[in-house]
Amino acid sequence: MTMTPAELEAQKETLELLNTEAASRLTRQSESLAKIDTKTVFLIGFAATAAQFLATHKHHDVLAYFAFAAYAVALFTGVLTIRVAEHKELEPPQMIANHVHLPKSQVLAALAASRASIFEVNARRQKLKAQYWGISLWSLVAGLGLSTVALLLHT
């Protein structure tokens, strides 16, 4: 939707509100992505420790192999969750160069549109990270269950 400069000027207060809300949502989204990464680091550490524990104790072989496979899935999907990927963000030098000569209402409209676009890109990334984290978590749970049974059946 294209607005004339006069329409943009008339909507300046609304644009400020939208821009502030978009900035706030991007901040919350970034914090959420960081929390997923933190949880994943603990999950990976736990899966690695559990696999090492199982490897150093006598166990039922077939169940232990399935447990190791579950731990491997947990570790692999955990690494996919925290892998370094580009986090979309506003580029200040380009933003300033493109908008310094425009009136405030046009800059606000451009900022709000850019932040909405960035939010969508980051939302897809966040959804994918959450899916990988879920797979990693359930693989760890399966591995722990199989490990427990493998250790109990051997004794």
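A crossing of two helices is called left-handed if the near helix is turned anticlockwise from the far one by less than a right angle. Keep that in mind as we walk through this predicted model, beginning with H2 and H5, whose crossing is left-handed.

Let us stay with that pair for a moment. H2 covers residues 12–55, and H5 covers residues 104–154. The two helices pack at an angle of about 20 degrees, and their axes lie 8 Å apart. Angles under 35 degrees count as roughly parallel, and H2 is therefore roughly parallel to H5. If you sort the residues of this contact by class, you find 25 nonpolar, 9 polar and 9 charged ones.

Now bring in helix H3, which spans residues 61–82. H2 and H3 meet at an angle of about 155 degrees, with 9 Å between their axes. An angle over 145 degrees counts as roughly antiparallel, so H2 and H3 run roughly antiparallel to each other. Here, too, H2 passes H3 in a left-handed crossing. On the H2 side, the contact is made by Ile36, Asp37, Thr40, Val41, Leu43, Ile44, Ala47, Ala48, Ala50, Ala51, Leu54 and Ala55. H3 answers with Ala64, Ala67, Phe68, Tyr71, Ala74, Leu75, Gly78, Val79, Thr81 and Ile82. By class, this contact of H2 with H3 has 18 nonpolar, 3 polar and 1 charged residues.

The remaining pairing among these three helices is that of H3 with H5. Their axes come within 7 Å and cross at roughly 160 degrees, which means that H3 is roughly antiparallel to H5. The crossing in which H3 passes H5 is left-handed. Its contact residues divide into 20 nonpolar, 7 polar and 1 charged.

With the helices in place, what lies between them? Look for the largest nonpolar core, which has 13 residues; Ala47, Leu54, Tyr71 and Leu140 touch the most other members. The elements that give two or more residues to this core are H2, H3 and H5. Tyr71 is a good place to pause and look around. Leaving out residues up to four places away in sequence, Tyr71 touches Ala47, Ala50, Ala51, Leu54, Leu140, Gly143, Leu144 and Ser147. Among these partners, Ala47, Leu54 and Leu140 also belong to the group that touches the most other core members.

Next, find Ser136 in helix H5. Is Ser136 buried or exposed? Its relative accessible area is 0%, so Ser136 is buried. Apart from its neighbours within four places in sequence, Ser136 is in contact with Leu43, Ala74, Thr77 and Gly78. Three of those names may sound familiar: Leu43 appeared on the H2 side of the contact with H3, and Ala74 and Gly78 on the H3 side.

Ser114, another serine to look at, also has its place in helix H5. Ser114 has 30% relative accessibility and therefore counts as partly exposed. How far apart in space are Ser114 and Leu90? Their C-alpha atoms are 7.4 Å apart, and the two residues are separated by 24 positions in sequence.

Just ahead of H5 comes a loop that follows helix H4 (92–99), and Pro103 is found in this loop between H4 and H5. At 40% relative accessibility, Pro103 counts as partly exposed. Pro103 and Leu8 are 95 residues apart along the chain, yet 9.4 Å separates their C-alpha atoms.

Let us finish back on H2, with two residues to find on that helix. Ala34 is found in H2, and with a relative accessible area of 40% Ala34 is partly exposed. From Ala34 to His101, which is 67 residues away along the chain, the C-alpha separation is 36 Å. Phe42 is found in H2 as well. Which label does Phe42 earn, buried or exposed? Exposed is the answer, because its relative accessibility is 64% and the cut-off for exposed is over 50%. Phe42 and Leu111 are 69 residues apart in sequence, and their C-alpha atoms are 37 Å apart in space.

Key: Residues are numbered from 1 along each chain as its sequence is written. This is a predicted model: local features need pLDDT of at least 70, side-chain atom pairs count only at pLDDT 80 or more; totals for chains, interfaces and linings use all residues. Side-chain values use heavy atoms; hydrogens and water are left out. Axes are lines fitted to C-alpha atoms, for helices over the stretch in contact, and angles run from 0 to 180 degrees between N-to-C directions. Helices (H or I, at least four residues) and strands (E, at least two) are DSSP runs, numbered from the N terminus. Angles under 35 degrees count as roughly parallel, over 145 as roughly antiparallel, 65 to 115 as roughly perpendicular and the rest as oblique. Contact means heavy atoms within 4.5 Å. Ala, Val, Leu, Ile, Met, Phe, Trp, Tyr, Cys and Pro count as nonpolar, Asp, Glu, Lys and Arg as charged, and the others, Gly among them, as polar. Buried means under 20% relative accessible area, exposed over 50%, partly exposed in between (1.4 Å probe, protein chains only). A nonpolar core is a set of buried Ala, Val, Leu, Ile, Met, Phe, Trp, Tyr and Cys residues joined through side-chain atoms within 4.5 Å.
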